[in-house]
Amino acid sequence: MHVLNTGVRFSAVKFSPVFNPSPSPLSRRYFIVRANLPFPKHQAKYHKELEVAIDAVDRACRLCVDVKRSLFSSKEKIVEKNDQTPVTIADFGVQALISLELSKQFPSIPLVAEEDSHFVRANNLVSSVVSEVKSKTSIGDNELSDADVLEAIDRGGKDAYAFCNKPATYWVLDPIDGTKAFLKGDEGLYVVGLALVVDNEIVLGVMGCPNWPGVLSDKSTGTLMISHIGCGTWSKGLQNISGKVSGDWTRCFVDASVLVNKARFCIQESDNWESLPLSGFFAAKTVSDDLQHNDIILVPTCNGSLCKYMVVASGRAAVFLFRAKTQRTIKAWDHAIGMICVHEAGGKVTDWEGGEINLEEDQSERRVIFPGGGILVSNGSLHNQLLEMTSSASPAL
């Protein structure tokens, strides 16, 4: 395994009603670049890793789209894990596909991901998963066996690698964040997310959202968002008619709001505004008509945490509040990828006490994070005000 050191610390590691894809006028600051990457490679230490990650996420998103087309024509496509979270062939297929693509180029870098192959084996889903993976991988069909695909899934499982309390370089993958949205239909927003972590520092992130509302002129659908430490956050259309990522990169910036009561918020689906600390200061509304001084706009929700990070990083909302609960285990892959995208877009991510999100607290597995109170994602300008409000309130947990 190669040891990587950027010398730069990542200080803050760390939709329902129709979702309005248009950012606020204050956040419309765009830079257009025509290139494979939106910045010169010599400026990006991890440009090789980023290029492979972009290709892998693109392939994975196309797998999701193809599986979804046939989702409701075959009951075998839909299964449930023991925690009753709906899961599909796409989850396992994405994990296998990305694992294969990464291991081909970077075999020494381990993968931390959500799934393992036990459920696939136990529910006679092997052939379905393997078929989907073979249709999208860059590895020739004849070279892939069932065992190869199952091993690729397990490469990201909890028993695959022990970090032994040492600084490490590893990938973090959420194969599908927002599986419930994936099952809803064409307007459900779900994200394939992949990040690279080097010594507790997130150095790159890639998120693909196939159903993100398109606003581009090249007839693309969905959005691909990428970040590299020190190089900003960028997005482009995920798929055009040929099914490939194309078009121009657009640089992303967070919303420019400086007043909390003028900012737009998003929260987790399992939370309600009244249970959050800011409810003592503001009432939440989902429409902007007749706002009073103590009202804020709550952006219509979208499934999955990563989608909300995309909302903040693209300037569609200024704040994402995530509340920690005693019965909720907070997984690294639900947040790590989004953190760097927000950070590189000019925002900030901390726990509710203002502390950095430590990806190494789960020392042996790097699968769980423990933010004090919860996670606060903001445009940066509002962060200290929000921390003061949060610390002065006592939400009903």
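## A tour of two helix pairs and two nonpolar cores

Begin by selecting helix α1, residues 47-69, together with helix α2, residues 89-105, whose axes lie 9 Å apart and meet at an angle of about 155 degrees. Because angles over 145 degrees count as roughly antiparallel, α1 is roughly antiparallel to α2. Keep in mind while looking that this is a predicted model. If you turn the view so that one helix lies in front of the other, the crossing in which α1 passes α2 is a right-handed one.

Next, show the side chains along the contact between these two helices. From α1, select Val52, Asp55, Ala56, Val57, Arg59, Ala60, Leu63, Cys64 and Val67, and from α2 select Ala90, Gly93, Val94, Leu97, Ile98, Glu101, Leu102 and Gln105, which they meet. Coloured by class, the residues of this contact separate into twelve nonpolar, two polar and three charged.

Now stay with Ile98 of α2 and widen the view to the nonpolar interior. The largest nonpolar core has 63 residues, and Ile98 and Trp171 are the ones with the most contacts inside it. Helix α1 supplies the largest share of this core, with eleven residues. Which residues are in contact with Ile98, once its neighbours within four places in sequence are left aside? Selecting them brings up Ala56, Val57 and Ala60, along with Leu173, Val192 and Leu194.

From there, move to a second, separate core, which has 46 residues and includes Val191, Met310, Ile340 and Leu359.

Ile340 leads to the next stop, helix α8. This helix covers residues 336-344, and because eight of its nine residues are buried, it is largely enclosed by the rest of the structure. To see the buried residues, select Ala336, Ile337, Gly338, Met339, Ile340, Cys341, Val342 and Glu344. Just after the helix, pause at Gly346, where the backbone takes a positive phi of about 105 degrees.

Finally, add helix α7, residues 305-313, and look at how its axis and that of α8 come within 9 Å and cross at roughly 0 degrees. Since that angle is under the 35 degrees that counts as roughly parallel, α7 is roughly parallel to α8. The side chains to display here are Leu306, Tyr309, Val312 and Ala313 of α7, and Ile337, Gly338, Met339, Cys341 and Val342 of α8, which together make the contact. Sorted by class, the contact of α7 with α8 holds eight nonpolar residues, one polar residue and no charged ones.

Note on methods: Residues are numbered from 1 along each chain as its sequence is written. This is a predicted model: local features need pLDDT of at least 70, side-chain atom pairs count only at pLDDT 80 or more; totals for chains, interfaces and linings use all residues. Side-chain values use heavy atoms; hydrogens and water are left out. Axes are lines fitted to C-alpha atoms, for helices over the stretch in contact, and angles run from 0 to 180 degrees between N-to-C directions. Helices (H or I, at least four residues) and strands (E, at least two) are DSSP runs, numbered from the N terminus. Angles under 35 degrees count as roughly parallel, over 145 as roughly antiparallel, 65 to 115 as roughly perpendicular and the rest as oblique. A crossing is left-handed if the near helix is turned anticlockwise from the far one by less than a right angle, and right-handed if clockwise. Contact means heavy atoms within 4.5 Å. Ala, Val, Leu, Ile, Met, Phe, Trp, Tyr, Cys and Pro count as nonpolar, Asp, Glu, Lys and Arg as charged, and the others, Gly among them, as polar. A nonpolar core is a set of buried Ala, Val, Leu, Ile, Met, Phe, Trp, Tyr and Cys residues joined through side-chain atoms within 4.5 Å. Buried means under 20% relative accessible area, exposed over 50%, partly exposed in between (1.4 Å probe, protein chains only).
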